Amino acid sequence: MQTSLTDSAKVVALMEEGNSQRYVAQTLRIPRSTVQRVYQRYRETGGYSRRPGSGRKRATSARDDRFIVSNTLRDRHSTAVDTRRALQEIREVNVSERTVRRRLNEAGLKSRRPNKGPELLQQHRVERLRFALNHVNWNQEEWTRVLFTDESRFCLRSPDGRERVWRRRGERFAPCTFSPRVSFQGGSVMVWGGISYEARTELVFVDGGSLTAARYIEEVLLEHVVPYAPIIGEEFLLMHDNACPHAARIVNEFLNDVGLHAMAWPARSPDINPIEHVWDMLKKRVRSRLPPHSNLHQLRNLLTEEWNNIDQTVIQNLIEGLNRRMAAVIQSRGGNTRY
């Protein structure tokens with residue numbers, strides 16, 4: 001077992017105090033043979049460092065290692081092939097891609113799938129930060145006045161990117177190991193929904209084309225939001241994002257006419273809208289249902305059933321965590337967050 005210089009120094013210090021090798025091994029939780037080897041090396045050489053090994057010489061120098069790390073840190077999306085090529089062109093050092101990966105691993109850099117989120121320009125970050133600063137100190141009573149709404153599309157076949165298949169060597173192109181793809185995922189449905197601390201709206205299916213501003217007023221606001229507002233009270237607030245049907249002039253005029261107030265929601269901010277987590281939960285529930293749905297009619301029925309089955313305490317927990325979301329936006333200076 002290899003030991004660090006600090007552990008080797010601890011071994012020597014304990015042994016010099018007259019302790020036994022067994023006591024030192026139990027105290028530091030290392031094998032007794034390691035204690036014996038470290039102390040014997042200290043008595044022979046007077047130092048803690050290991051003797052030079054007889055293994056293969058490193059293909060890169062310390063400066064090469066620093067170049068590999070710094071080149072990767074400048075462009076986190078660069079591959080080991082790119083770094084290897086840059087090392088060869090600039091420092092005239094030819095190593096393998098595997099060596100580059102080992103040097104990066106030694107520096108604590110691991111290859112991971114990147115998180116995905118909307119592209120945030122400077123004006124988006126400023127608006128997000130301003131919104132978070134204005135609402136980070138809202139109490140629970142203020143958040144209970146808000147109806148969080150959004151639309152989401154559910155596909156008949158929607159692989160989540162984490163699909164796996166069991167296969168033997170040579171079965172890569174076998175029909176039983178293929179994941180077939182269907183154009184437009186075999187069809188889809190668009191739904192609208194709203195959640196608040198105490199209750200939720202009905203799930204609205206947007207059929208027969210895209211959702212326009214006129215349809216948004218007639219099928220959503222007039223039929224579902226306006227009747228829902230008295231449930232929350234006179235200080236009712238509507239949260240909808242900056243999609244074109246929501247931000248249209250006729251929509252704003254309609255809200256003014258019926259006396260409803262909409263929150264000034266920052267653009268490209270799905271991470272601070274709790275209903276996004278409800279959509280994700282709904283998709284997972286529908287995918288896990290047995291037997292699975294095979295047509296759009298079954299998909300609609302499952303969506304309605306699972307929407308009504310969501311525990312209201314789950315929604316309440318999401319809304320209670322809004323202050324943490326605001327704090328995360330402030331900490332990232334308006335950037336993307338883990339939510």
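At what angle do helix α2 (residues 21–28) and helix α3 (residues 32–45) pack, and how far apart are their axes? In this predicted model, the two helices pack at an angle of about 110°, and their axes lie 8 Å apart. Because angles of 65 to 115 degrees count as roughly perpendicular, α2 and α3 are described as roughly perpendicular to each other. The crossing in which α2 passes α3 is right-handed. On the α2 side the contact is made by Gln 21, Arg 22, Val 24 and Ala 25, and on the α3 side by Arg 32, Val 35 and Gln 36. Sorted by class, the residues of this contact comprise three nonpolar, two polar and two charged.

Helix α2 also packs against helix α1 (residues 5–16), the axes of the two coming within 10 Å and crossing at roughly 140°. This crossing of α1 and α2 is likewise assigned as right-handed. From α1, the residues Asp 7, Lys 10, Val 11, Leu 14 and Met 15 take part in the contact, whereas α2 contributes Gln 21, Val 24, Thr 27 and Leu 28. The contact of α1 with α2 has five nonpolar residues, together with two polar and two charged ones. Gln 21 and Val 24 of α2 are thus listed both in the contact with α3 and in the contact with α1.

A further helix pair is formed by α12 (residues 275–287) and α13 (residues 296–309), which pack at an angle of about 125° with their axes 10 Å apart. Since this angle lies outside the ranges that count as roughly parallel, roughly perpendicular or roughly antiparallel, α12 and α13 are oblique to each other. Their crossing is right-handed. Within the contact, Val 278, Trp 279, Leu 282, Arg 285 and Val 286 of α12 meet Leu 299, Leu 302, Leu 303, Glu 306, Trp 307 and Asn 309 of α13. The residues of the contact of α12 with α13 divide into eight nonpolar, one polar and two charged; among the nonpolar residues are Trp 279 of α12 and Trp 307 of α13.

Turning from helix packing to open space, the second largest pocket encloses about 480 Å³. Its lining consists of 15 residues, of which Arg 76, Ser 78, Lys 110, Ser 111 and Arg 112 are the closest to the centre of the pocket. Helices α5 (80–91) and α6 (97–106) each supply at least two residues of this lining, and the largest share, three residues, comes from α6. By class, the lining of the second largest pocket has seven polar residues, alongside four nonpolar and four charged ones.

Technical notes: Residues are numbered from 1 along each chain as its sequence is written. This is a predicted model: local features need pLDDT of at least 70, side-chain atom pairs count only at pLDDT 80 or more; totals for chains, interfaces and linings use all residues. Side-chain values use heavy atoms; hydrogens and water are left out. On a 1 Å grid over the protein atoms alone, a cavity is a set of points where a 1.4 Å probe fits but cannot get out, and a pocket is an open set with protein on both sides within 12 Å along at least five of seven lines; lining residues have an atom within 4 Å of a point. Grid points are joined across faces, edges and corners, and a volume is the space filled by probe spheres set on the points. Helices (H or I, at least four residues) and strands (E, at least two) are DSSP runs, numbered from the N terminus. Axes are lines fitted to C-alpha atoms, for helices over the stretch in contact, and angles run from 0 to 180 degrees between N-to-C directions. Angles under 35 degrees count as roughly parallel, over 145 as roughly antiparallel, 65 to 115 as roughly perpendicular and the rest as oblique. A crossing is left-handed if the near helix is turned anticlockwise from the far one by less than a right angle, and right-handed if clockwise. Contact means heavy atoms within 4.5 Å.
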